[in-house]
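This briefing covers a ligand site and the domains around it. The sequence and structure come first, followed by the notes.

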Amino acid sequence: MSQPIKIGIVGVGKIVRDQHLPALAKDQDYRLTAAASRHGKVDGIANFPTIEAMLDAVPELDAVSLCMPPQFRYDAARTALEAKKHVFLEKPPGATVSEVEDLKALATRQGVTLFASWHSRYAPAVEEARSFLASTRIRSAAIVWKEDVRRWHPNQDWIWQPGGFGVFDPGINALSIATHILPAMFITSAVLDFPENRAAPVAAQVAFRTSNGLPVTMDLDWLQTGPQSWDILADTDAGKMVLSGGGSKLAIDGKVVHEEPEAEYPMLYKRFAEIVRAGASDVDLAPLQHVADAFMLGKRNVVEAFFD
Ligand code: NAP
């Protein structure tokens, strides 16, 4: 096997602790070498307050994973790419489409890898859903993503700020799957509900259509208590498909055809190692473009204030 990729992790918060550290600990393709975070620390490795301090002190790093919220990621990505490090971007890859395009061009000029990671695409039943849909005629599709923000994002102020995307933070996960398994589509209308005290939406209804006229709807709600829904449904000539659990379970006409525990982050790091070793980048901006379009085309309603 080639030498492990020496990686530094930046923005040590919830997703780093829940997913990145366990995935890296089990992956022989990597050696987690350093971390940079203003407050967070990772035990057993060198910790620094900023990415600049980390890159100065640990020049042998090959790659960095940038896990801070999207509004604060561009400058760190630029710094890493200029230092010729391979860069793994948490989702969403940035706060705007154009800043990620800029990073993509910089990565190419520097001859290093840029990875816009979309963890939900690596959910276990997604590839089978994609094959199923490719083998039949789709009549319509619907995305239903309803979760309780107080449970999944307690006191995360950045998520309600401009560039935090509000309910599109989970919604972009749905879009990362939909853009992988459905034909190319575009938004025809959107309605976004903004709490009167917040700068990002708490709910959204979005309508898409494909170039051959297939209707696709998306219903996002962040105030769902009780059962949570992370489902993509399709009515097809071969039956009704339900991809549920954020891509972990596939059923056709009520019969479960694929269900497995998720292993999204190990798969993401496998993909990153693959493209680093191949000298390639993987930056698909389709999910981010749809979110941008929803904000561009969407009618805005002001709704009741939201408090954590
Ligand atoms: P988080 O815990 O609120 O933030 C991660 C860390 O980023 C913070 O602990 C903080 O560390 C750093 N940070 C916060 N504000 C910053 C700023 N202004 N400048 C620089 N660093 C800052 O958020 P998270 O849940 O881990 O989410 C981070 C990213 O992962 C988001 O893009 C999110 O969409 C994605 N993600 C999250 C989940 C999830 O379930 N939470 C799942 C998948 C993907 P320091 O204070 O130590 O610098």
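The ligand is surrounded by 23 residues (a residue counts if one of its heavy atoms lies within 4 Å of the ligand), and the closest are Ser 37, His 39, Gly 40, Lys 91 and Asp 169. This is a predicted model, in which local features need pLDDT of at least 70 and side-chain atom pairs count only at pLDDT 80 or more, while totals for chains, interfaces and linings use all residues. Residues are numbered from 1 along each chain as its sequence is written, and side-chain values use heavy atoms, with hydrogens and water left out.

**Polar contacts and cover**
- An N or O atom in the side chain of Ser 37 lies 2.6 Å from an oxygen atom of the ligand.
- A polar backbone atom of Lys 14 is 2.9 Å from a ligand oxygen, and a polar backbone atom of Ile 15 is also 2.9 Å from a ligand oxygen.
- On its own the ligand has 870 Å² of accessible area, of which the protein covers 82% (Shrake-Rupley method, 1.4 Å probe).

**Shell composition**
- The shell around the ligand has 10 nonpolar, 7 polar and 6 charged residues, with Gly counted as polar.

**Domains**
- An automatic or database assignment gives domain 1 (5–117) and domain 2 (121–262 + 292–303).
- Each of these two domains supplies at least three residues to the ligand shell.
- The C-alpha centres of domain 1 and domain 2 are 27 Å apart.
- Between the domains, 12 residues of domain 1 are in contact with 14 residues of domain 2 (heavy atoms within 4.5 Å).

Conventions:
Polar contact = N/O pair within 3.5 Å; in protein donor to acceptor, adjacent residues only side chain to side chain.
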